[in-house]
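Here is a short briefing on how some strands and helices are arranged in one protein model. Please keep the sequence and the 3D view open while you read.

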Amino acid sequence: MHSAIPRLFPRLNQKQLETSLLLPLRNVVLLPGVTLPVVAGRKHSVAVVESTMLTEEKQLIVAAIRPEAQKRLERSEKAEIESLSEIYPVSSLAVIHKMSRLPMGPIQLIVEGLERVEITELCQSDPTYQVKFARLPQVSKKAALEQGIQEQTLVALSNAIESLWTEAAEINPKFPEELLAILLNSSEPAQLAYQSSVLIQHDVSTMQAILEEENLEQLLRKILKDLHQEIEVQKLQGKILGATKKELDQQHKEFFLRQQLKQIQEELGDTDPDKQEIAELRSRLAEIKLPETVDKQVKRELSRLERVTSASAEGGVIRTYLDWLLEMPWTRKVEDNLDLDNARTILDEDHYGLEKIKERIIEHLATFKLKKQAQQQLSASSSDSKTSKSYTVGTVICFAGPPGVGKTSLGQSIARSLGRPFERISLGGLRDEAELRGHRRTYIGAMPGRIVQALHRAEVINPVIMLDELDKVGMDYRGDPASVLLEILDPQQNHSFRDLYLDLDFDLSQVLFIGTANDLSHVPAPLLDRLEIIELSGYSEREKMEIAQRYLLPRQITKAGLPDNAVQLPESTLRLVIEYYTSESGVRKLEQQLGSLCRKIAVRYAQGDTEARVIEPGEVEQLLGTKQFLKEKIRQESKPGVATGLAWTLQGGEILFVEAVLLPQGENLTLTGQLGDVMQESAEIARSYVWSQAETLGIELSAFKKNGLHLHVPAGGIPKDGPSAGVTMVTAIASLLINKPVRTDTAMTGEVNLSGEVLPIGGLREKILAANRVGIKRVLIPQQNKKDLVDIPEDVLGQIEVIFCDRIEQVLANALA
C-alpha cells in the first residue's frame, strides 16, 4: 500500500528522499538528542524492531501516532497503522541502543533521537512499515545565528532556563543531582530545550509542536514559559501540602495534650470537663421553666451528649442545639405599656406631620389594649388556668410608601411606646425559604431561620419584629419564602410555628409583626390579603424643612461630633438644598446632604475654628459641590400640541410633558418615550376619541385621513407606564388639531375612556406636591378624586386651584387657552 501527504517543508526536493523502517508509537514523541525507553507490542512493530536489529546501523524512524488513530488502535489489539495520515509526518531518525524481550511478549527498547526528518510516503505496511523520508534542517545554535538571531538572546534564554531548573531542584529535594548537572552543562541550547521538554512532561500535541519548531529562539521562549508555569504550580502545591501537614501536626499535638491533661486530672481527682459541661447544662435547665415538649427534648439531647465523646463532630452539633433550646425565650416576655397618651407623645416626638398615619397607629394600639384586657378578664374568671391562653396580636399592619418616608422609624416608635424590644428582618432578595424556616440539623452549618434568630436576639417572646421590604421577596428552586410568611403572619397558624432547626413548635402569636413595602403591586396577593395597609406618601417642601430642623440636622450634628448649635441653616439654605441636591419623596437623601455639611464644618472645628456657623445659600455650592438636580420648570412658551401631565413614581410625584405633532402623508400613530402597554393603550384611546369627536371639536376629518400622528413623552431614557396620562394625551392631540395652545400654568391627571369620561386615579397627593414644587397654579383632576384632597397639606392647597372634571369636554374647556 502506498500513501502520501502534503509536504510540511516543500523546499526539500525528491533527490534527498531516503528509505527506512518505521516504528509508530502511542503517546511518545522522540526528540533529537533524547534517550527514552519504549515498548513495541503489536505484530508489525515487533517485526520492524527485529528487522532493524539485523542492520549494521540499527537505525529507524520513530513517529508519534495521531490521537484519532490511537482511539481506533485501542479498540483492537490486532489493529495496525493503515495510512500515513494516522501518524505525524515530522518525526525523528533514531538508533536502538538496547533491546530486551519482556515475559509477556512485547519488546522493550532504549532508543535515542538523532535528527529531525519528514516522512513523505508510506511504501509498505505489511509485514513491516517502510517509509520514504527527507532529512530536515537541524535546530542548533549555529543555524540560529545564520538565521539572524542574536547570540545574546540565545544565551539569555538558556541562562533563564538553567536558573529555573536550579530553582526547581531547590523546591524538590528529590531532584537528581546528576540530571541537574546534565541540564546545566549543556552547551547546545536546542538540547537544553529538548531535555527540558521531556522533564516537563508535555502532552503529545505539545511535544510534536516542539519537534516541528525550526526557530531556536521561539523554541527556547516556549520552554521558558512552560517551565516557569510548572515551577509556580510546584510552589503552590508545596505550600498546600505544608499547610495540611502543619494542621495535622497541630491536631495530633492537641490530641496528645488532651490525653495528658485527662491523666493529670484523674491523678488530681478533678472533674472530667465533659461531665462538668453536662452538669452545667442540667443546672441551666433546672433554673428555667420550659414547656413540657421542650423540656423532654432537652433531656433527651443531654442523654445523647453523655454517650458521645467531646471531640466528635456529633458532640459539637448537640451542644450547639442545646444552647439554642436553653437560650430561646419560650415563656419570657415583657409587660406592654398600653398607655395611649404615652404612645401619642412618642409618635409626635419622633415624627413630624403624618397625622392620619399616627391616628391609625393609635387605633391599632387601642384595639390591641382592649383585646388584652378582655383576655385578662377571661383568664381571671376561668377556674382552670390551663384553659386560658395568651392574647394574640391579630392584624398585621404594613407601611407602604417610597423610600425615606419613615416606615422603619414608625415601627421603632411603636416598639418604644409599648416597651418591647425591636428587631428588623430585611427580606430584600430573599429566595430560600430555609432562611425563614431554618435548616435541618442534618446539614453541616445548619442554623435556625431568621425569625427564630430575631427572637433569640430579643430574648422575649413578644418583641416587635419588622419584616422589611416585603415587595422584594423572590422565589426559585429552593422554595417560596412568601408561603412561609403566610404561616408566620396568620394568627390561626403562627401559635405553633415549627422551625426546622429547633424541630419544635414555637408560639409567634404574641409577636407584633410590622411589614414594609415600596411597591404593593410586587407583594404576592395571598400575602397582601393578610396585611392591613397604611400608605405613607411623600412630604411637601414645608414638611421636609420642619423635619430637617427638628430631627435630621440635630442628629447629623451629633454624629459629626459637633456641639449643639454648631451648625445653623436658615430656611433659604434648606430650601436650596431640598430643591437642587435632592429629588425624592422622603428625606433620606436630604439627611445625607445635611450630614455632608456637618462633616465639612467638623473639619474646621478640628483645625481650631470653633465658631458657630450659619450656612448661607451662597456657601452651599462651595460645600456640597455643583447642583445635582435641575429644578423642573413649567413651560414658558405656549405652543399647540404640548400639554403638562402629572405622574406618580416610587420616588414621588413628577410632571411630564406630552408632545404631539402631525406627520404629513402619514397614516399610523407613532409613540416614543419608552411607553408601557397601558400608556400605549391610553394614546390609542385619546386619538380615537378626538377623531370620533372631530366635528364637535371643530376639527377637519382630513387632518386624520391625510396625516399621521406622533406622540412623544420626554425623557426618552426613562420607562413610563400607567393610565393617568389619558386626559393629558387627549388635550395634547386636541390642542394640536384645533391649533390652540394649552395654558402653561395648568397641569392635569386622569384616565379617559372612549365615552369621554374622566376616571379616577391614584397618587394624587404626590402629583399635586410635584405640581406645587414647579410652580403650577391650576390642576385638573377627576371629580371622583375630590375625597382625596383631605391628604393634601393646607399650605399647598392654598397655592393651587384644583378644578374637578368628570368629562373630557370640561378638561379641554379649562386647559386650552
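Along strand 3 (residues 35-40), which side chains point to one face and are buried, and which point to the other and are not? Leu36, Val38 and Ala40 are the buried ones on one face, while Thr35, Pro37 and Val39 point to the other face and are not buried, where buried means under 20% relative accessible area with a 1.4 Å probe, protein chains only. This is a predicted model, in which local features need pLDDT of at least 70 and side-chain atom pairs count only at pLDDT 80 or more, whereas totals for chains, interfaces and linings use all residues. Residues are numbered from 1 along each chain as its sequence is written, and side-chain values use heavy atoms, leaving out hydrogens and water.

**Strand pairing**
- Strand 3 pairs with strand 6 (residues 107-124) in the antiparallel sense over six bridges, and strands count as paired if DSSP finds at least two bridges between them.
- Strands, like helices, are DSSP runs numbered from the N terminus, with at least two residues (E) for a strand and at least four (H or I) for a helix.
- Proline 37 stands opposite isoleucine 110 in strand 6.

**The open sheet**
- Five strands form an open sheet in the order 9-10-13-8-14, with parallel pairing.
- Strand 9 (422-426) and strand 14 (531-535) are the edge strands, each pairing on one side only.
- Strand 8 (residues 396-400) pairs with strand 13 (residues 512-517) in the parallel sense over four bridges, and cysteine 398 has glycine 515 in strand 13 as its bridge partner.

Terms used
Buried < 20%, exposed > 50% of the residue type's maximum accessible area, 1.4 Å probe, protein only.
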